[in-house]
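Work through the exercises below with the sequence and the model side by side. Try each task before reading its solution.

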Amino acid sequence: MPVGSRRAAQGRAPALGAGSPGTRTHHVAREAAGGRWLVLGRDGRLSAYALGDGGMLRWTQERPGGTAWAGPELVPVPGLNSVSVAQGPDGFVHFVGRRAVHKDEGPPVVDLMSATQFQTGRPVTQWRTLGNPHSERPKAALLGVPAAAVSGPGTVHVFVRNADGDLLLRCEKTGGKWEAWHDPKVRRAQDGTATVTTVSGRVEVLAPGTDVTLRLSRHEPDGAYQRDQDIAHAHAPGSAVALETARDRITYYWADGSHGGVTAHRPGTPPIPLGGAPCRGPVAALRTVLDGYDCTVLAHGTPDSRVMLTACGTENEADGVWWSPTGDHCTGGPALACDAAGRVVLALIGTDGALRVARQNGEPGLALGPSAQV
């Protein structure tokens, strides 16, 4: 299969253009957002999100499939120290974040925040607090980093580790109100929860444990969450991504907890080591068609911040993969998406805090043009 991942960083396409005059600001990203932070809107334009000083940063493609971007635009949220992105089947983009406000010499006042973007490039709704499951300020300050999922009916689900290491859940009700905190009995969890919503509307959740990988899922789109059998392999917290590789079948990609190399795992089957350099931060995964083949594209950062890229036949990881350096360096994990023309787009936050984007250059396989700052 001519995937061509060895040539991923050797395309000859011209560099992508910067945003239109007047859109460039001096905002600098601290790191990429969590979750799938490069998303395709219903109008065919891509948006990218990151954590910046004073809130969330957003870049927006100026036209579908184009090379010009607007941004970065600051969405102010004072005290925001994490933000994660989840897109629903209706195209709405949901944000959940952790806010820590220092008011005196004691522990910071910590709560979770949420907001929604209904249309590409349009203003984000007012950020609203989801509170904190702990009422005591010292314990509340130990609340973890939230992750979100959106079920088939469009309900937002927020997962977070509490001070005792329990993974808690809060769901949005019809009309925008929120249910009380729910305890699905996931113990000894760490930060770095990964979520996925299948085409049938089910939600699956993966959380790193101390020596195992913890699983939770809804077997029906509107059903109750159930504890699934834990995976007897630990992974590096914050490295996992979940991808639907067949209808209602999930493949997880993560950094192995012992050697740091990327591993593929489908529950019920042995894990598949994917070789290459050790992985730092979250893996990015995208299912798409390359040269007529159903393929999975993967990207990750290394301990020295290099960005590595590969592709393989979907669910054929055991045939081997060949990682290629893109020539870029990133802060946080890279992101993958397809643009309005179906081209693979790789986005990353550079070590200088700027967004860089590369896309397929029209050559066979997974050949990307050089990245450019936008």
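**Exercise 1. Find the strands that pair with E9, and state how far E9 is buried.**

Solution. Start with strand E10 (residues 128–131): E9 and E10 pair in the antiparallel sense over three bridges. Strands here are DSSP runs of at least two residues (E), and helices are runs of at least four (H or I), numbered from the N terminus; two strands pair if DSSP finds at least two bridges between them. Within this pairing, Leu-112 stands opposite Gly-131 in E10.

Next, take strand E8 (residues 93–101), which is joined to E9 by nine bridges and runs antiparallel to it. Val-96 has Ser-114 in E9 as its bridge partner.

Last, check burial, where buried means under 20% relative accessible area, exposed over 50%, and partly exposed in between (1.4 Å probe, protein chains only). In strand E9 (residues 109–117), eight of the nine residues are buried, so the strand is largely enclosed by the rest of the structure.

The model is predicted: local features need pLDDT of at least 70, side-chain atom pairs count only at pLDDT 80 or more, and totals for chains, interfaces and linings use all residues. Residues are numbered from 1 along each chain as its sequence is written, and side-chain values use heavy atoms, with hydrogens and water left out.

**Exercise 2. Place Val-124 and decide whether it is buried or exposed.**

Solution. Val-124 sits in the loop between E9 and E10. Its relative accessible area is 17%, so Val-124 is buried. Now compare positions in the chain and in space: Val-124 and Phe-95 are 29 residues apart along the chain, and their C-alpha atoms are separated by 9.4 Å.

Phe-95 also belongs to a cluster, in which ring pairs link it with Tyr-49 and Trp-127. Rings of Phe, Tyr and Trp (its six-membered ring) pair if their centres lie within 6.5 Å; planes under 30 degrees apart count as stacked, over 60 as edge-to-face and the rest as tilted. The whole structure holds four aromatic pairs.

**Exercise 3. Describe the sheet that contains E11 to E14.**

Solution. First write the order: the four strands run E11-E12-E13-E14 in an open sheet with antiparallel pairing. Then find the edges. Strand E11 (147–150) and strand E14 (182–186) each have a single partner strand, so one side of each is left without a neighbour in the sheet. Neighbouring strands are turned by 25° against each other on average, direction ignored; the axes are lines fitted to C-alpha atoms, for helices over the stretch in contact, and angles run from 0 to 180 degrees between N-to-C directions.

Finally, look at one pairing: E13 and E14 run antiparallel and are joined by two bridges. There, Leu-169 stands opposite His-182 in E14.

**Exercise 4. Locate residues with unusual backbone values.**

Solution. Begin with the peptide bond from Gly-71 to Pro-72, which is cis, with omega near 10°. Pro-72 is in strand E6 (residues 69–76).

Then turn to phi. Ser-305 is not a glycine, yet its phi is positive, about 75°. Ser-305 lies in the loop between strand E24 (293–301) and strand E25 (306–313), and counts as buried at 17% relative accessibility. Glu-315, also not a glycine, has a positive phi of about 65°. The place of Glu-315 is the loop between E25 and strand E26 (324–329).
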